[in-house]
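Please look over the sequence and the structure shown below before reading on. The paragraphs that follow go through the strands, the long-range packing and the cysteines in turn.

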Amino acid sequence: MKTYTIVLSLIALFLTPSVLKAQDVIMKNDSTTIESKVVKIDKNVIEYKKWSNLDGPTYTISVLDVLCITYQNGEVESYKQKIDNLRSELMYRVGHELVINHRALSKEEAKKILTTEQYDTYVSAKAQMQVGSFFAVVFAGSLFCDIVCIAQMIGSNDKLNLDTWADCLMISAVITDISCPLWIVLRGIGKGRLNWVASDYNYNNSNGSLSLAPTLIKCEMPQLQNNYSLGMTLKVSF
């Protein structure tokens with residue numbers, strides 16, 4: 001009986017390292033790890049199941065949030081190059097999204113590759129365009145009310161009823177007059193700001209740069225030391 005117990009213990013001892021290594025370890029950019037079983041990897045996300053619950057739901061994580069994956073066989077796959085490759089592509093604005101390599105950027109991806117100023121402008125412009133979209137809905141609704149009011153006024157022979165619809169038309173017309181320019185201006189400015197983010201991003205990630213900016217030039221002559229003039233500064237880098 002004792003011999004049998006010892007044999008079982010030795011088997012368990014030799015099997016334990018294999019069990020411990022039979023998991024995939026996902027290391028995130030913040031150095032935290034996820035013990036998992038990787039199910040699928042595509043261009044944008046990694047699908048996995050938690051090692052502690054292999055029969056549970058399948059989770060996803062963006063490849064841009066992953067530093068590397070250590071597979072159960074010891075092979076290590078690094079994803080740091082994914083961000084570097086993303087930065088090497090040109091950025092465009094399509095509608096209300098920023099697009100790289102024909103794919104709209106998520107908020108998390110934009111935060112990783114944009115500067116603080118670019119990202120703040122990106123978030124602000126997106127919010128601005130959402131407000132513009134709200135006023136677009138308001139404009140469409142008020143325009144519909146205008147049409148209904150006018151139709152009712154044309155078909156009404158009752159002066160009291162006519163006055164009521166005229167009052168409704170006046171209110172809806174005011175809403176129409178306010179919402180239409182707000183929709184156009186907010187969406188237009190938002191798109192312009194997204195265009196700036198894309199342009200500035202491409203400019204900063206190009207191989208060379210050229211900038212021209214106004215500056216104040218102080219006169220170095222002793223008799224004209226307090227005199228300043230407006231000039232232009234040209235900056236070229238390669």
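**Strands, helices and cores**

Strands E3 and E4 pair in the antiparallel sense, over four bridges. Two strands count as paired if DSSP finds at least two bridges between them. Helices (H or I, at least four residues) and strands (E, at least two) are themselves DSSP runs, numbered from the N terminus. This is a predicted model, in which local features need pLDDT of at least 70 and side-chain atom pairs count only at pLDDT 80 or more, while totals for chains, interfaces and linings use all residues. Residues are numbered from 1 along each chain as its sequence is written, and side-chain values use heavy atoms, with hydrogens and water left out.

Within the pairing of E3 and E4, Val-45 has Ser-62 in E4 as its bridge partner. E3 (residues 45-50) is also joined to strand E2 (residues 33-41), by five bridges, and these two run antiparallel. There, Ser-36 has Lys-50 in E3 as its bridge partner. Strands of a sheet pair through backbone hydrogen bonds, either parallel or antiparallel.

After E4 comes a loop. Val-63 is found in this loop, between strand E4 (59-62) and strand E5 (66-70). Is Val-63 buried or exposed? Its relative accessibility is 3%, so Val-63 counts as buried. Buried means under 20% relative accessible area, exposed means over 50%, and partly exposed lies in between (1.4 Å probe, protein chains only). Val-63 and Ile-46 are 17 residues apart in sequence, and their C-alpha atoms are 6.3 Å apart in space.

Further along the chain is an open sheet of three strands, in the order E7-E8-E9, with antiparallel pairing. Strand E7 (91-94) and strand E9 (103-104) stand at the edges with a single partner strand each, so one side of each has no neighbour in the sheet. E7 is joined by four bridges to strand E8 (residues 97-100). Across this pair, Arg-93 stands opposite Leu-98, and Met-91 stands opposite Ile-100. The two strands form a hairpin with two residues between them, and Gly-95 in the turn has a positive phi of about 65°.

E8 is joined to E9 by two bridges. Here Ile-100 has Arg-103 in E9 as its bridge partner. This hairpin also has two residues between the strands, and Asn-101 takes a positive phi near 55°.

Which helix packs on the sheet of E7, E8 and E9? Helix H5 (residues 159-204) does, touching E7 and E8, and its direction makes about 165° with that of E7. Such angles run from 0 to 180 degrees between N-to-C directions, and the axes are lines fitted to C-alpha atoms, for helices over the stretch in contact. The 46 residues of H5 should span 68 Å at 1.5 Å a residue, and its end C-alpha atoms are 67 Å apart, which agrees. The expected span is 1.5 Å times one less than the number of residues. Among the buried residues of H5 are Leu-169, Ser-172, Thr-176, Leu-186, Gly-190, Leu-194 and Val-197.

The largest nonpolar core has 15 residues, and those with the most contacts inside it are Met-91, Leu-98, Ile-113, Leu-114 and Tyr-122. A nonpolar core is a set of buried Ala, Val, Leu, Ile, Met, Phe, Trp, Tyr and Cys residues joined through side-chain atoms within 4.5 Å. E8, helix H3 (107-113), helix H4 (116-155) and H5 each give two or more residues to this core. Leaving aside neighbours within four places in sequence, Tyr-122 is in contact (heavy atoms within 4.5 Å) with residues including Leu-98, Leu-105, Leu-114, Leu-194 and Val-197. A second, separate core of twelve residues includes Val-38, Ile-46, Ile-61 and Tyr-79.

The cysteines come last. How many disulfides are there? The count is zero, a disulfide being a pair of cysteine sulfur atoms within 2.5 Å. The sulfur of Cys-149 has its closest cysteine sulfur in Cys-168, 5.1 Å away, which is too far for a bond. Cys-149 is buried, with a relative accessible area of 4%, while Cys-168 counts as partly exposed at 34% relative accessibility.

For the protein chain as a whole, the secondary structure comes to five helices and eleven strands. Buried residues make up 24% of its 238 residues.
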